[in-house]
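Good morning, and thank you for making time for this short presentation. Please look at the sequence and the structure before I begin.

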Amino acid sequence: MEIAVERAKADVPSLMRAEEFSRFAEARRERALRLAFRLLGGDQATAEDVVQNAFFRAYRALASFRGEATLDTWFYRILVREVQRQRRWQGLRRLFGGDPESAPPAVDPRPVADPALRRRISRALERLSGPQREAFVLIHLEQLTIAEAAQVMEKAVGTVKSHLHRALLALRGELADLHPKEEPES
């Protein structure tokens with residue numbers, strides 16, 4: 001039985017041919033785009049590039065899939081790493097590439113109810129550390145469990161809880177005026 005399991009793990013690339021991987025990718029494309037979009041602060045074009053790179057890396061790395069996590073968790077881990085790589089690259093370009101203010105703003109083609117509020121929330125998310133933002137987006141926006149987010153982030157559950165707690169404190173502090181204060185009843 002163990003030999004069959006080991007052989008199946010070793011044969012993942014042959015078991016998942018190009019058309020099967022294409023179906024896998026298509027079924028996860030929208031969620032992957034949404035996740036990358038949120039982690040990148042609303043840059044749709046960059047999110048699309050990151051998702052494409054993540055699917056490419058996943059396809060090439062199928063042979064390294066050990067089956068210790070679900071294929072979905074494994075893929076989203078690759079996606080989060082690709083987002084981190086992109087953010088590092090953007091940071092280096094800002095540092096060495098000139099004036100970031102001269103770059104055109106990211107365009108979100110989706111309709112928005114309150115653009116000023118959306119920008120404010122986006123800026124608040126942008127101020128979080130990378131791990132805090134990842135924990136918040138994965139758990140509260142993508143609705144992963146804390147255990148799933150920990151697998152995707154390759155961190156201990158307690159560490160993810162800590163990042164999430166700090167993210168929530170920071171967001172509550174920064175957006176406190178949006179929450180109506182309750183009047184005490186007399």
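Throughout this talk, a contact means heavy atoms within 4.5 Å. The model is predicted, so local features need pLDDT of at least 70 and side-chain atom pairs count only at pLDDT 80 or more, whereas totals for chains, interfaces and linings use all residues. Residues are numbered from 1 along each chain as its sequence is written, and side-chain values use heavy atoms, with hydrogens and water left out.

I start with the overall fold. The protein has 9 helices and 0 strands; helices (H or I, at least four residues) and strands (E, at least two) are DSSP runs, numbered from the N terminus. Of the 186 residues, 33% are buried, where buried means under 20% relative accessible area, exposed over 50%, and partly exposed in between, with a 1.4 Å probe and protein chains only. Among contacts with a separation of 6 or more, 66% are between residues 24 or more positions apart.

Next, the interior. The largest nonpolar core comprises 44 residues, and those with the most contacts inside it are Ala 36, Phe 55, Phe 75 and Leu 79. Such a core is a set of buried Ala, Val, Leu, Ile, Met, Phe, Trp, Tyr and Cys residues joined through side-chain atoms within 4.5 Å. Helix H3 gives the most to this core, with 9 residues. Why does the core lie between domain 1 and domain 2? It does so because domain 1 (2-109) and domain 2 (127-177) both give residues to it; the domain bounds come from an automatic or database domain assignment.

Ala 36 deserves a closer look. Setting aside neighbours within four places in sequence, Ala 36 is in contact with Ala 47, Val 50, Val 51, Leu 79 and Val 83.

Leu 33 is placed in helix H3, which spans residues 18-39, and is buried at 7% relative accessible area. With the same neighbours excluded, Leu 33 is in contact with Gln 44, Ala 47, Glu 48 and Val 51.

Finally, I turn to Glu 142. Is this residue, in the loop between helix H7 (130-141) and helix H8 (146-153), buried or exposed? Glu 142 counts as buried, at 4% relative accessibility. The side chains of Glu 142 and Arg 38 are joined by a polar contact of 2.9 Å. A polar contact is a pair of N or O atoms within 3.5 Å; within protein, one must be able to donate a hydrogen and the other to accept it, and residues adjacent in sequence count only if both atoms are side-chain atoms.
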